[in-house]
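Q: Please look closely at a single part of this structure and describe it in one connected account.

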Amino acid sequence: MKRYQLRIAGQSVDPIGGEWFPTQNPFTGEAWAEIPRCDARDVDRAVQAAHQALTEGPWAEMTASQRGLLLHRLGDLIARDAKKLAATEVRDNGKLIAEMQGQLNYVPQWYYYFGGLADKIEGAALPLDKKGYFAFTRKEPVGVVAAITPWNSPLLLAAWKLAPALAAGCTVVLKPSEFTSASSLEFAELFDEAGFPPGVVNVVTGFGKDVGTPLVEHPLVRKVSFTGSDATGRIINEQAARQFKHASMELGGKSPNIIFADADLEQAVFGAISGIFAATGQTCIAGSRLLVQDSIYDQVVEKLVALAKTARMGDPMSMETQVGPVTTPPQYRKILDYIQVAKDDGAKLLLGGEPASRPECGKGWFVEPTIFGDVENDMRIAQEEVFGPVLSIIRFSDEAEAVRIANDVRFGLAAAVWTSDIGRAIRMSEKLQAGTVWVNTYRAVSYMAPFGGYKDSGMGRENGQEAIREYLQNKTVWINSGAVAGNPFVMR
C-alpha cells in the first residue's frame, strides 16, 4: 500500500508523531493508501517554513513578474500531469473521471491567469490637502495563508486559493480534507520542479482538531481561506477573529433552480439534472431546490423523472458512468438520513430514496438519484444542505412567489433562472439573493469570474481580479518633501 509523506520546506518528510491513517476508495470501499497523521508540531514547522520563505530568501526578493513566471511554469506542469492527478482524485474521492479529467485540464488556467495578474497589482499616488507632502499606497501580501480545502474537488478548489495567494506574494500552508489528501500531496511536488523556493507552499494532512485548529490559531498565520460546510466555517471564522486574522469563507448552499413556463423545457430539465446529479450532488452549488411554475409542474416532473431513471451508475473511472459513489461513509449515512427525514415530513418520493444495489455499484457507497415532489419550502429537505443526489421540487405561481421561495433560506451561494424572457431574466437576477445567478445554464465557473456567497454561504470572493485583493493589504506612505516644519506637539 502506498504511503505518502508531507511536503514541508520543499522536502518530503514523515510526520513527527510517526503515524499514518488509511484513505479509502469510495467505489470499492477499500483502503488504497496511507496519509500522514499530523499534529500541532507538524503544523508549526510548516508555518515556520512558510514564514521564513515570506520574510527571507529568494521569494521575498522576487519581483512580481518573476512570481508570475513561476506560476506559469506550474500551470505547464499541471497540464503535463493532468491525467495522473485526475486518476488519483477519482481513486480518492470517487467523482467521475470525465469530470475530474475536465477539471484538471482546466486547472492550469488559474495559474496562467493569476501569473499574468501578479505584476498588474498597483498602488496609487494620492492627491492631498496638505502642501509639502507626497503620499502613495502600496499593495503588500497579507502574510502566511492557511488554505483549507474540502474533499469534493481538492485540486480545483486549491487552485482558487493558491493561485491568487501566490500571485499576491503570500506563502501558503495547504490543509486538504482528511478524506482526500493524496492528490494534494502529489501536486505539492510540482512546486519544487517549477522552481518555487522552499517553504512557499507546504502541505499538512490530518484531522481538524489535530491540524486544522492549530493551523488556524497559529500566530504566524495572517489569513485563513476555507471552503467547506457553514458549520465548520463558523467555527474557523470565530477562531481566526480572535487574532484579527483576515478570513474568506466559501461555504454551503441550498441553491434554487427556477423554471418558468416560457423556458425551453428540454434544456431546463437537462440543466436540472446536471445541477443536482452531476458530481453526485456533492458540490456547494448543487441546484438542490427545483422551483417549477404551476402550469408546467406535471410536465417537468414527468420529463425529469424519466431522464433521471436513465442515469448510469458504477465505476467512476469509466467514461460511461454518469453518477458515481458518495465520497465518504459519514456523508453516505447523512444523505440516507435526510431522505428519511423528507419522507417523515411528508415529501412525495418520486424516484430513488435508497442505497443503490445495482451490480455495477460493487461495494461502494452509492445512493440512487432521488427526487421528492410536493415539497414545501419550510421542510428540512428544502432548508438544509444534503450534499448528495437528492432533489426537492417546489411549486410556484409567479415571479414574486418564485423570488420569495428562492430567498427564504439562510444560504445564498447560487441560483438559476430558466426563461425566454430577457426582462424576466434581468429582474430575477436583481432580486435573487445569491453570489452567482445563471440564466439558461447551470454550474458554469471560470477563473475570470468572481465566486462567493451571500448570507450563510460565506464571505469574500474567489476567482477573477477580486480574488487577489483577498490576499493583499494596503499600506499608505507619507513623504515630507522637506518643506514642512512646525510645532512637534501638534498633528500636521
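**Strand pairing and a surface patch**

A: β6 and β7 pair in the antiparallel sense over two bridges, where pairing requires at least two DSSP bridges between the strands. The model is a predicted one, in which local features need pLDDT of at least 70 and side-chain atom pairs count only at pLDDT 80 or more, while totals for chains, interfaces and linings use all residues. Residues are numbered from 1 along each chain as its sequence is written, and side-chain values use heavy atoms, with hydrogens and water left out. A125 has F136, in β7, as its bridge partner.

The two strands belong to an open sheet of three, in the order β6-β7-β23, with antiparallel pairing. β6 and β23 (472-480) stand at the edges with a single partner strand each, so one side of each lacks a neighbour in the sheet. Strands are DSSP runs of E, at least two residues long, and helices are runs of H or I, at least four, all numbered from the N terminus.

Between β6 (125-126) and β7 (133-141) runs a loop that holds L128. L128 has a relative accessible area of 32%, and is therefore partly exposed (buried is under 20%, exposed over 50%, partly exposed in between; 1.4 Å probe, protein chains only).

L128 also helps to make a nonpolar surface patch of about 260 Å², together with L126 and W478. Of these, L126 falls within β6 (125-126), and W478 within β23 (472-480). The patch thus named takes residues with over 30% relative accessible area and no salt bridge, nonpolar side chains (Val, Leu, Ile, Met, Phe, Trp, Tyr) being joined within 5 Å and like charges within 9 Å. Areas follow the Shrake-Rupley method with a 1.4 Å probe, only the protein chains shown counting as cover for residues; a salt bridge is a Lys or Arg side-chain nitrogen within 4 Å of an Asp or Glu carboxyl oxygen.
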